[in-house]
Amino acid sequence: MSESYSEASELLKRLVNELDHGGQAILKDRMIFDDLAKFYSEKYLIPAKYVDGRKVAGLRSVVHTKAFLPPLIEYFGNKRIKEITHTDILTYKLKRLDTPKQTGAKRSIASVNRELELLRRMLNIAHQEGWILRSPFSIGKSLISKADERKCERILTREEEARLLNACVGRRTHLKPIIICALDTGMRQGEILSLRWRNIDFDEKVITVEAFNTKTMQTRQVAMTTRLEKELWSLYQSSVGDKNALVFGITDNVKRSFDGARKDAGLSDVRFHDLRHTAATRLVSKHIPISEVGRVLGHSQPSTTYRYVNANLETVRRAALALDEFQRQSEGTKLVEELIN
């Protein structure tokens with residue numbers, strides 16, 4: 001009798017608790033994905049907020065993340081979030097992979113993975129809010145595989161670099177110093193465009209990348225090459241001298257101008273991020289240790305640096321010569337042993 005009474009009391013408490021929370025049980029039963037998308041956009045899809053140089057809320061790349069939301073809303077919009085299954089997400093993944101881009105190009109696994117990562121984040125939030133018992137991503141085989149993504153191995157040759165820079169004329173004149181900065185420092189596009197004149201030390205020839213503009217939230221310094229110093233000094237002389245002003249005067253990105261430049265240069269397969277790959281590969285080709293290259297690029301793990309260092313033709317030829325030399329030495333040792341025996 002006492003056990004039945006205890007169970008009844010516990011059930012009553014749960015019912016009262018649900019009513020006290022504004023009918024959350026009813027809300028979660030009726031909530032559709034579109035409701036979740038609106039909640040995520042209002043609470044999480046906001047510009048990053050910093051306290052003492054550390055990010056405490058929001059996203060550093062709001063515009064970039066927003067681009068992955070529309071296809072999710074289109075597919076899952078009217079579906080109740082508690083009814084979204086592992087199979088539903090797999091079906092979405094396969095459909096997106098079969099859907100070409102607006103340009104007609106094939107959609108990459110990497111781009112679909114970014115959409116799935118956003119969906120996973122949103123469903124994890126739904127779980128945290130108590131709207132679903134658990135995320136479908138936690139059930140069954142993993143739906144996101146980084147190993148399947150095509151690894152980019154594109155680095156620029158000196159001749160390609162010259163063609164790209166020569167295309168930075170007219171309305172694209174502003175792009176030339178930005179490209180030189182990327183090639184000569186290995187900085188990310190966001191880090192470059194966030195630079196302010198207070199970060200440029202012409203006396204020491206050093207650029208300070210502030211913590212809240214970096215991916216790893218760590219301040220680092222990079223040195224200027226002679227040509228980069230020349231470009232920056234020219235920009236500074238034509239500026240108003242405000243130390244807090246943006247060096248390049250651009251607040252979002254250089255996608256349009258860079259697309260035009262690479263097209264005119266005949267380098268349609270080159271992305272802006274490949275300039276960072278190129279910088280890393282050039283440093284390694286000059287025998288700079290991987291650990292030091294990582295510090296220049298702002299990596300916290302050596303494994304990350306290895307992904308940026310690509311073997312160019314010069315590197316693989318040097319490797320073949322080294323193995324040829326090893327083989328000759330081995331054959332010489334074998335011949336000596338035969339003569340002795």
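Let us start inside the protein, where the largest nonpolar core holds 36 residues, with Ile179, Ile200, Leu232, Phe258 and Leu275 making the most contacts within it. Such a core is a set of buried Ala, Val, Leu, Ile, Met, Phe, Trp, Tyr and Cys residues joined through side-chain atoms within 4.5 Å, where buried means under 20% relative accessible area with a 1.4 Å probe, protein chains only. This is a predicted model, in which local features need pLDDT of at least 70 and side-chain atom pairs count only at pLDDT 80 or more, while totals for chains, interfaces and linings use all residues. Residues are numbered from 1 along each chain as its sequence is written, and side-chain values use heavy atoms, leaving out hydrogens and water.

Which helix gives the largest share of this core? That is α9, with seven residues. Helices here are DSSP runs of H or I with at least four residues, and strands are E runs of at least two, numbered from the N terminus. Leu275 is in contact (heavy atoms within 4.5 Å) with Leu156, Leu164, Ile179, Ala182, Leu183 and Phe258, leaving aside neighbours within four places in sequence. Apart from this core lies another, of 29 residues, including Ile89 and Phe137.

Now look for open space. The second largest pocket contains about 640 Å³. A pocket is an open set of points on a 1 Å grid over the protein atoms alone, where a 1.4 Å probe fits, with protein on both sides within 12 Å along at least five of seven lines; lining residues have an atom within 4 Å of a point. The volume is the space filled by probe spheres set on the points. The helix α13 (274-285) gives the most to this pocket's lining, six residues.

Methods. Buried means under 20% relative accessible area, exposed over 50%, partly exposed in between (1.4 Å probe, protein chains only).
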